Amino acid sequence: MHLKPLGASELLVSPICLGTMTFGEQVDEPRAHAILDHAVARGMNFIDTAEMYSVPPRAETYGATETILGRWFAARPGMRQQVVLATKVAGPSRGMPWVRGGAANLTPADIHAACDASLKRLQTDHIDLYQIHWPNRNAPSFGSIYFEPERDTEYTSIHDQLDAFAALVKAGKVRHIGLSNETPYGVAEFVRIAEAHGLPRVLTVQNPYCLISRSLDNGLDETMHRLGVALIPYSPLGFGLLTGKYDERGIHDPANTGRMALFERMKQQRWGRPAALAAARRYNALAREHGLTPTRMALAWCYTNWRVASTIIGVTTREQLDEDLDAWGTTLSPELLAAIDAIRWEMRDPAQ
C-alpha cells in the first residue's frame, strides 16, 4: 500500500485505516498493542478512535480505547509522529448519561473540554483529524431513515460549532476537522458556512458504507464529490455479516463469537435486522461462486470504489487484520460488479 493525500490536505495516509472501537471491550490492552504494532509493520499509518469507545458503549469503558492508544504511544517513542491520528467528539446524548451527563446538546465549551480530555488520554499534543461523531441537531442517523421535523429543538448552531473547532485549530490542538454519520444537508451546510466565514473546512466524512448499506450512493456521494470532501467509510464488512460467519447459524446462536452474537445491543441495531442478514447471505454466496471469500469480495468492493479515500477496518485478532490487508489489490470483474448491483437493486440497503 502506498500513502496518499487524505482529501485536499497535506496528511498522507494508508488507503486502509485501523478502527479501534473493539479495544477495551473485545480486545484487551496487550492484544490491542500487538495489533497496532502489526498494523504499522504492514504499512498502515492511519488510526481512528473516539472518546465514546469502546463499543458497545458502557460507562465503565468510556474513554478506554483512547487510553489504550495513549499508552501505546507512550511506550513507543517517536510512534506518534509516524501515524495520522483521528478521533471523535460524541454528539448529543443517545442513551449514554455518562457522556457529559446525558446532555442533549453539544456546546462549544463541550467541544473544547472533550478535545482536551482526548489529548490527555491519547498522550499527545495534537489530533490530526477531529470529527463530530454524529450530528448535533435533529437528523436521521444510525439506522434511522426518516427526518422528523417535529423533533427539532435548540442546538448549538453549525457556525458556533465551527467557531469552536477554529479555536482548537488556532491553538494547534487540531489539524483538520471532519464529520461522521452525516447527511447531504449537513455536509453542504458545514462547507457553506465555513467558506462564508473563513472557518475550518470539513476535510472528511465517516459514514457506514458496505454492500448492505449503500444509501451514501444516493445523494451524499455527489455532495461530497462536488464539494471536495473525502469519504472514510466504516463497517465495510457490515459488522461481520459480510464475512460469512453468521451465514449458517445466524446472529442468535451462542456458538458464534462475533460481536453481533455477543452483544444484545448490536442485535437491536440496523445490522441485526433479518433483512440485513438475508442480503448478506446473498452477497456471500455470490463471492463464493466467483472463487472469493465473502470478506475479500466485500473489502475489494470498498477498497476499489471511487468514492473511498481510506477504508476503516475493525479487528479483534492479528489474523483478521492480515486477512483484511491481504484483500488489498483484489479487483472485481465487471460481471461480478454487475451481479452485486443486481442484488442491490432487488434488496436495496437493509442496513442503512
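The legends below describe close-up views of a predicted model of one protein chain.

**Figure 1. The whole protein chain, with twelve helices and ten strands.**
The radius of gyration of the protein chain is 19 Å, and the globule rule gives 20 Å for 352 residues, so the chain is as compact as a globular protein of that length. Along its principal axes, the C-alpha trace spans about 55 × 50 × 40 Å. Of the 352 residues, 57% count as buried. The chain exposes about 14600 Å², and carbon and sulfur atoms supply 52% of that area. Among contacts in the chain with a separation of 6 or more, 77% come from residues 24 or more positions apart.

**Figure 2. The contact of helix 2 with helix 3.**
Two packed helices are described by the angle between their axes and the distance between the axes. Here helix 2 covers residues 64-75 and helix 3 covers residues 108-122. Their axes come within 6 Å and cross at roughly 45°. That angle makes helix 2 oblique to helix 3, because it falls neither under 35 degrees, which would be roughly parallel, nor in the range from 65 to 115, which would be roughly perpendicular. Which residues make the contact? Helix 2 contributes Glu 66, Thr 67, Leu 69, Gly 70 and Phe 73. From helix 3 come Ser 118, Arg 121 and Leu 122. By class, the contact has three nonpolar, three polar and two charged residues.

**Figure 3. The cis peptide bond from Val 55 to Pro 56.**
Most residues other than glycine have a negative phi, and most peptide bonds are trans. The bond from Val 55 to Pro 56 is cis, with omega near 0°. Where does Pro 56 lie? Pro 56 is in the loop between strand 4 (46-48) and helix 2.

**Figure 4. Phe 142 and Asn 181, two residues with a positive phi.**
Phe 142 is not a glycine, yet its phi is positive, at about 55°. This residue sits in the loop between strand 6 (127-132) and helix 4 (158-170). Phe 142 has a relative accessible area of 28% and is partly exposed. Asn 181 also has a positive phi of about 55° and is not a glycine. Its place is in the loop between strand 7 (174-180) and helix 5 (184-197). Is Asn 181 buried or exposed? Asn 181 counts as buried, because its relative accessibility is 5% and the cut-off for buried is under 20%.

**Figure 5. Val 13 in strand 2 and its contacts.**
Strand 2 consists of residues 12-13, and Val 13 is found in this strand. At 0% relative accessibility, Val 13 counts as buried. Neighbours within four places in sequence are left aside in the following list. Val 13 is in contact with His 2, Leu 3, Lys 4, Leu 6, Asn 45, Phe 46, Val 84 and Ser 310. Phe 46 is 33 residues from Val 13 along the chain, and the C-alpha atoms of the two are separated by 5.7 Å.

**Figure 6. Tyr 209 in a loop between strand 8 and helix 6.**
Strand 8 covers residues 202-206 and helix 6 covers residues 220-227, with Tyr 209 in the loop between them. How accessible is Tyr 209? Its relative accessibility is 0%, so Tyr 209 counts as buried. The C-alpha atoms of Tyr 209 and Ala 279 are separated by 15 Å. Along the chain these two residues are 70 residues apart.

**Figure 7. Glu 222 in helix 6.**
Glu 222 is found in helix 6. With a relative accessibility of 44%, Glu 222 counts as partly exposed. Ser 54 lies 168 residues from Glu 222 along the chain. The C-alpha atoms of Glu 222 and Ser 54 are separated by 32 Å.

Note on methods: Residues are numbered from 1 along each chain as its sequence is written. This is a predicted model: local features need pLDDT of at least 70, side-chain atom pairs count only at pLDDT 80 or more; totals for chains, interfaces and linings use all residues. Side-chain values use heavy atoms; hydrogens and water are left out. Axes are lines fitted to C-alpha atoms, for helices over the stretch in contact, and angles run from 0 to 180 degrees between N-to-C directions. Helices (H or I, at least four residues) and strands (E, at least two) are DSSP runs, numbered from the N terminus. Angles under 35 degrees count as roughly parallel, over 145 as roughly antiparallel, 65 to 115 as roughly perpendicular and the rest as oblique. Contact means heavy atoms within 4.5 Å. Ala, Val, Leu, Ile, Met, Phe, Trp, Tyr, Cys and Pro count as nonpolar, Asp, Glu, Lys and Arg as charged, and the others, Gly among them, as polar. The radius of gyration is taken over C-alpha atoms; the globule rule is 2.2 Å times the number of residues to the power 0.38. Buried means under 20% relative accessible area, exposed over 50%, partly exposed in between (1.4 Å probe, protein chains only). Accessible areas come from the Shrake-Rupley method with a 1.4 Å probe; for residues, only the protein chains shown count as cover.
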